[in-house]
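Please open the model in your viewer and keep the selection tool at hand, as each stop on this tour begins with something to select.

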Amino acid sequence: MLLPALVDFADGNDDYLVFVGSSLLIAALCSLVAVATRGPRVQPSPRLGFVLVTGVWLVSCAVAAVPLYMASIGLTVSDAVFESVSGLTTTGATVINGLDDMPRGILLWRSLLNWLGGIGIVGMVLLILPSLRVGGLSLFHLESSDRSDKMLPRVQQLASGIVSVYLVLTVACAVSYGSFGMDDFDAVNHAMSTVATGGFSTKDASLGYFDNDGILAVATVFMTLGALPFVLYIRFFLPRQFQRWSDPQVPLFLGICVVATAVLVVMRMVHNEVGFGEALVSSAFNFVSIITTTGFISEDFTRWSHAAVGVFFVAMFIGGCAGSTSGGIKVNRILILWNVVQAGFGRLLRPRSVQSLKYGHKDISADGIQSVTIFVSLFFMLLMLGTAMLATLGLDFVTAFSGALTAVANTGPGFGDVIGPAGNFSAVDDPALWVLSFLMLVGRLEIVTVLILLSPAFWRDR
């Protein structure tokens with residue numbers, strides 16, 4: 001909070017007092033927590049892990065909302081909480097209008113939330129959730145008897161590698177933006193949002209404001225890099241590990257991006273009579289932005305054609321790779337489900353045959369299949385429940401459904417005139433904002449991590 005305070009102080013904006021006061025308040029509360037929790041270390045357990053993960057994210061969202069609510073931009077409690085949840089979950093949906101004239105401290109705070117949320121979700125997925133047998137790196141160890149994929153001997157080293165890669169990507173992205181004409185402030189803010197696949201911008205028109213194909217190309221590259229498994233980058237510096245590691249979700253994800261972009265290019269050239277160069281840049285940028293759940297836009301892609309809208313609709317479900325900053329169902333889960341379906345068809349055709357389920361060169365364990373099945377089932381159940389709740393609160397079906405989808409998948413823009421690429425969530429009423437905030441948080445924490453806390457069996461003594 002002191003970073004945006006310094007920016008506001010330098011700009012002569014009194015909001016620096018809000019950030020300083022919020023920082024001191026939070027520091028005092030954290031000190032009290034540290035004192036209150038001194039003593040013998042608590043014995044770790046899965047139940048404690050679920051409580052801590054959800055608790056930390058809930059508290060972080062509440063803390064992040066404090067300066068947003070107290071600042072001079074006039075947000076309500078619902079608005080501030082929605083904005084902070086959207087930032088930390090890297091959803092990128094916003095209720096703020098007039099970003100072009102917004103105090104720079106607020107803009108920096110929003111970008112920092114995206115950036116911290118991105119590294120937070122990577123760390124959680126790779127370091128914490130595997131021990132809880134929920135998503136993330138646990139799906140890289142699909143065969144419980146195989147532990148050869150442990151890249152680094154200690155968790156601290158893995159964490160250091162993740163942070164180092166994250167910092168390098170952020171700096172490289174900021175420098176690249178600057179080389180194409182962005183000023184330093186915009187370059188740093190957009191770099192943080194891009195690598196985090198968060199989507200918060202300093203402009204109401206997002207990256208479309210700059211009207212620069214070079215900037216869109218840079219964003220496309222770094223959004224793609226942010227959507228790949230961070231394990232890939234760490235292994236790149238460990239040659240032996242890299243040679244014997246392969247992850248089928250990476251070529252599949254890149255293949256989807258290439259094929260979908262090609263389809264959109266043809267659609268744009270045929271339906272919109274756009275030249276090849278413009279069609280390629282805009283199609284690649286907007287599709288990668290949606291499939292990586294970043295949420296940047298260069299134009300309202302829902303006006304391209306009905307077929308194009310269908311392509312973007314499917315992309316919102318898919319998401320990026322496991323172990324990345326992206327949301328969505330994730331490519332690795334889709335690949336595992338496809339293998340399960342193929343094995344099922346094989347058993348129907350040859351009842352006596354033994355169908356082996358593999359993820360790359362590894363056998364898929366029963367736990368892996370169960371984890372994926374539970375997640376995907378809960379994803380669609382949450383989507384239907386969220387749509388029903390938002391419709392009950394007065395939103396039309398397109399807004400309710402796409403709002404629930406973009407929240408659970410952490411994408412950002414929805415469809416329709418209200419929350420579509422050309423709009424935002426400022427017109428959504430407070431009760432609906434709370435529902436969307438809940439959906440964003442649940443979707444970001446791999447769904448099971450939060451919903452298991454609502455089960456009576458979770459709290460029942462053993």
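## A buried leucine in a loop

In this predicted model, begin by selecting L75, which is buried, with a relative accessible area of 10%, a value that falls under the 20% cut-off for buried residues. L75 is found in the loop between α3 (46-70) and α4 (77-88). If you display what surrounds L75, leaving aside its neighbours within four places in sequence, you will find it in contact with L68, Y69, A80, V95 and I96. To move towards another part of the chain, add V195 to the selection: the C-alpha atoms of L75 and V195 are separated by 27 Å, and the two residues are 120 residues apart along the chain.

## Two loop residues with positive phi

Select T197 next, in the loop between α7 (184-195) and α8 (213-226). Is T197 buried or exposed? At 0% relative accessibility, T197 counts as buried. Its backbone also deserves attention, since T197 has a positive phi of about 45° although it is not a glycine.

Then go to K330, which lies in the loop between α13 (306-318) and α14. K330, a residue other than glycine, has a positive phi near 90°, and K330 is buried, with a relative accessible area of 5%.

## From K330 into helix α14

Now select helix α14 (residues 331-349) together with helix α15 (residues 366-392), whose axes come within 10 Å and cross at roughly 110°. That angle makes α14 roughly perpendicular to α15, and the crossing in which α14 passes α15 is left-handed. Show the side chains where they meet: R333, I336, L337 and V340 belong to α14, while I369, V372, F375 and V376 belong to α15. Sorted by class, this contact has 7 nonpolar residues, no polar ones and 1 charged residue.

Keep α14 selected and add α11, for these two helices pack at an angle of about 105°, with their axes 9 Å apart. α11 and α14 are therefore roughly perpendicular to each other. The contact is made by Q249, L252 and F253 on the side of α11 and by V331, N332 and L335 on the side of α14, and its residues divide into 4 nonpolar, 2 polar and no charged.

## Helix α11 against helix α12

Leave α14 and select helix α11 (residues 249-271) with helix α12 (residues 276-291), which pack at an angle of about 135°, with their axes 8 Å apart. α11 and α12 are therefore oblique to each other, and their crossing is right-handed. From α11, the residues making this contact are F253, I256, C257, A260, T261, L264, V265, R268 and M269, and from α12 they are F276, A279, L280, S282, S283, A284, F287, V288 and I291. By class, 14 of the residues in the contact of α11 with α12 are nonpolar, 3 are polar and 1 is charged.

Within this contact, centre the view on F287. Which residues is F287 in contact with, leaving aside its neighbours within four places in sequence? They are I256, C257, A260, T261, L264, V311, F312 and A315.

## The largest nonpolar core

F287 also leads to the last stop, the largest nonpolar core, which has 127 residues. Select Y177, L207, F230, F287, F379 and F425, the residues that touch the most other members of this core. Finally, colour helix α5 (residues 104-128), from which the largest share of the core comes, with 13 residues.

How values were computed. Residues numbered from 1 in each chain as written. Predicted model: local features only at pLDDT ≥ 70, side-chain atom pairs only at ≥ 80, totals over all residues. Heavy atoms only, no water. Core = buried A, V, L, I, M, F, W, Y, C linked by side-chain atoms within 4.5 Å. Buried < 20%, exposed > 50% of the residue type's maximum accessible area, 1.4 Å probe, protein only. Helix = DSSP H or I, 4+ residues; strand = E, 2+ residues; numbered from the N terminus. Contact = heavy atoms within 4.5 Å. Axes fitted to C-alpha atoms, helices over the stretch in contact; angles between N-to-C directions. Parallel < 35°, antiparallel > 145°, perpendicular 65-115°, else oblique. Left-handed = near helix turned anticlockwise from the far one by under 90°. Nonpolar A, V, L, I, M, F, W, Y, C, P; charged D, E, K, R; others polar.
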